[in-house]
Amino acid sequence: MSFDTDRNWMYSLSGRHIHLWQWTETAATDTVGSYRVKLPSEYYGKQLIYPNEDIASGLRIEYTAFSETFVSEALEDTSARASSTGISFSGGVISDTNNKFGDFAQSDKIRIIGSNATSGGVLTVDDLTRPGSHSGWQPSQTHSNEEQTSTSGSGTGIKCGIVTDGSGFTTFTITDSGSGYAVNDTITFTDPGSTSYTAVLTVATIRTTNNAEFTLSSSGTVNSTTLTLEGTDLFLDESAGESITIYQIPKAVTDASVDESSHINLNRMLSLAAVDYIRAQMKEATGDLQGKEYCMREFWKKLGDNESNKRNISMSFPASPFAIK
């Protein structure tokens, strides 16, 4: 390309396509006899025109992918991951004998896959405070990991911490969800103190698998061998042996905390694509089908641009003058 190689050339990227223009000072002309003359109605000055030359010696273009984040703050790092056959579950704690949890931190959100536990563990009961309006137990007592006396179903293994107030009325905390329970099962506990009174818990919800999403404790133990859950969330008991994978996932933003600084965990191009998709849904809701189709075309175009920007391709040509760099 030999014309005005010392002058500026302009280009724009559209997916894998490059649109190229010359930045030149000229005007549209016509031939009259053997002379080139400017047409009277044409503007003369700096303008963009399409190139009209063959690219004989190659073209080199240097640019970076359009994949920077949409907001100034860094996106959440979700690189923590652990896979092991030494992972076990008990209560609200995950343990690993192979010390694979070193990349996790407090308050991380995680997803678990590969667990083989499928029995019904108790998540919640109808009432944890003086369940069944029982008679007063021995007052002002604290009991840890108390086991059931009986149950109306076939479940076993539930354990609770029990505190009695000055009147002997109880407050229960589930410390181990056990297994084999069903919704509406009743579970009876007997006062381990000086009375023989009982309290009856009624199962409200159960956990049927450990393959789910959880949030790690913001203050409990999180280190290379132990992950502790936030709050009162509990696992199904499961011994080590299965090949289990635990990996970090982005934290959800609650509706109450969404403001102008909130963002979705996407790069700039995909964030703009999400905006086009929302615009398309709004157009459809108002009956503007033509507007919807336009927004969806923009949506799919940005998705294609994002995929093509992932392809880092290097091209070499014989050394010669270049029209653009």
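In which loop is the place of Arg 130? In this predicted model, Arg 130 sits in the loop between strand 10 and strand 11 (142-147). Its backbone stands out there. Arg 130 is not a glycine, yet its phi is positive, about 45°. Arg 130 counts as partly exposed, because its relative accessibility is 31%, and the partly exposed class runs between 20% and 50%. Asn 184 is another non-glycine residue with a positive phi, here about 80°. Asn 184 is found in the loop between strand 14 (170-179) and strand 15. Its relative accessibility is 58%, so Asn 184 counts as exposed.

The overall make-up of the chain comes next. The protein chain has 2 helices and 19 strands. It contains 325 residues, and 30% of them count as buried. Contacts often span long stretches of sequence. Among contacts between residues at least 6 apart in sequence, 67% join residues at least 24 apart. The accessible surface comes to about 19300 Å². Carbon and sulfur atoms account for 49% of that surface.

The largest nonpolar core has 17 residues. Seven names stand out within that core. Ile 94, Phe 101, Phe 104, Ile 110, Ile 112, Leu 227 and Ile 246 touch the most other members. Three elements give two or more residues to this core: strand 7 (87-90), strand 9 (109-113) and strand 19 (244-249). Leu 227 shows how the packing is built up. With neighbours within four places in sequence left aside, Leu 227 is in contact with Gly 92, Val 93, Ile 94, Phe 101 and Phe 104, among others. Its other contacts are Leu 216, Thr 221, Val 222 and Ile 246. A second core is separate and has 15 residues. Its members include Val 125, Ile 162, Ile 174 and Leu 201.

Nonpolar side chains also occur at the surface. Val 32, Tyr 35 and Val 37 make a nonpolar surface patch of about 310 Å². Val 37 belongs to strand 4 (residues 35-38). Val 37 has a relative accessible area of 33%, so it is classed as partly exposed. That value also fits the patch, because patch residues must have over 30% relative accessible area.

One open sheet has 4 strands, in the order 10-16-15-12. The pairing is antiparallel. Strands of a sheet pair through backbone hydrogen bonds. Which strands stand at the edges? They are strand 10 (121-125) and strand 12 (150-151). Each has a single partner strand, so one side of each is left without a neighbour in the sheet. Strand 12 runs antiparallel to strand 15 (residues 186-190), and 2 bridges join them. That number is enough for a pair, because two strands pair when at least two bridges are found between them. Within this pairing, Ser 150 has Thr 188 of strand 15 as its bridge partner.

Charged side chains form the last topic. Side chains of opposite charge can pair when their charged atoms come close. A search of the whole structure finds 8 salt bridges. Asp 276 takes part in a salt bridge with Arg 279, and the closest N and O atoms are 3.2 Å apart. Both residues lie in helix 1 (residues 268-285). They are 3 residues apart, about one turn of the helix. Asp 276 is buried because its relative accessible area is 5%, whereas Arg 279, at 36%, is partly exposed.

Asp 276 also meets Lys 302 in a salt bridge, at 2.8 Å from N to O. This pair links distant parts of the chain. Asp 276 lies in helix 1 and Lys 302 in helix 2 (residues 289-309), 26 residues apart. Both Asp 276 and Lys 302 are buried. The pairing extends into a network of salt bridges that links Asp 276, Arg 279, Glu 298 and Lys 302.

A further salt bridge joins the side chains of Lys 292 and Glu 284, at 3.3 Å from N to O. Why does Lys 292 count as buried? Its relative accessible area is 19%, and buried means under 20%. Glu 284 has a relative accessibility of 36%, so it counts as partly exposed.

Methods: Residues are numbered from 1 along each chain as its sequence is written. This is a predicted model: local features need pLDDT of at least 70, side-chain atom pairs count only at pLDDT 80 or more; totals for chains, interfaces and linings use all residues. Side-chain values use heavy atoms; hydrogens and water are left out. A nonpolar core is a set of buried Ala, Val, Leu, Ile, Met, Phe, Trp, Tyr and Cys residues joined through side-chain atoms within 4.5 Å. Buried means under 20% relative accessible area, exposed over 50%, partly exposed in between (1.4 Å probe, protein chains only). Contact means heavy atoms within 4.5 Å. Patches are made of residues with over 30% relative accessible area and no salt bridge: like charges are joined within 9 Å, nonpolar side chains (Val, Leu, Ile, Met, Phe, Trp, Tyr) within 5 Å. Accessible areas come from the Shrake-Rupley method with a 1.4 Å probe; for residues, only the protein chains shown count as cover. A salt bridge is a side-chain nitrogen of Lys or Arg within 4 Å of a carboxyl oxygen of Asp or Glu.
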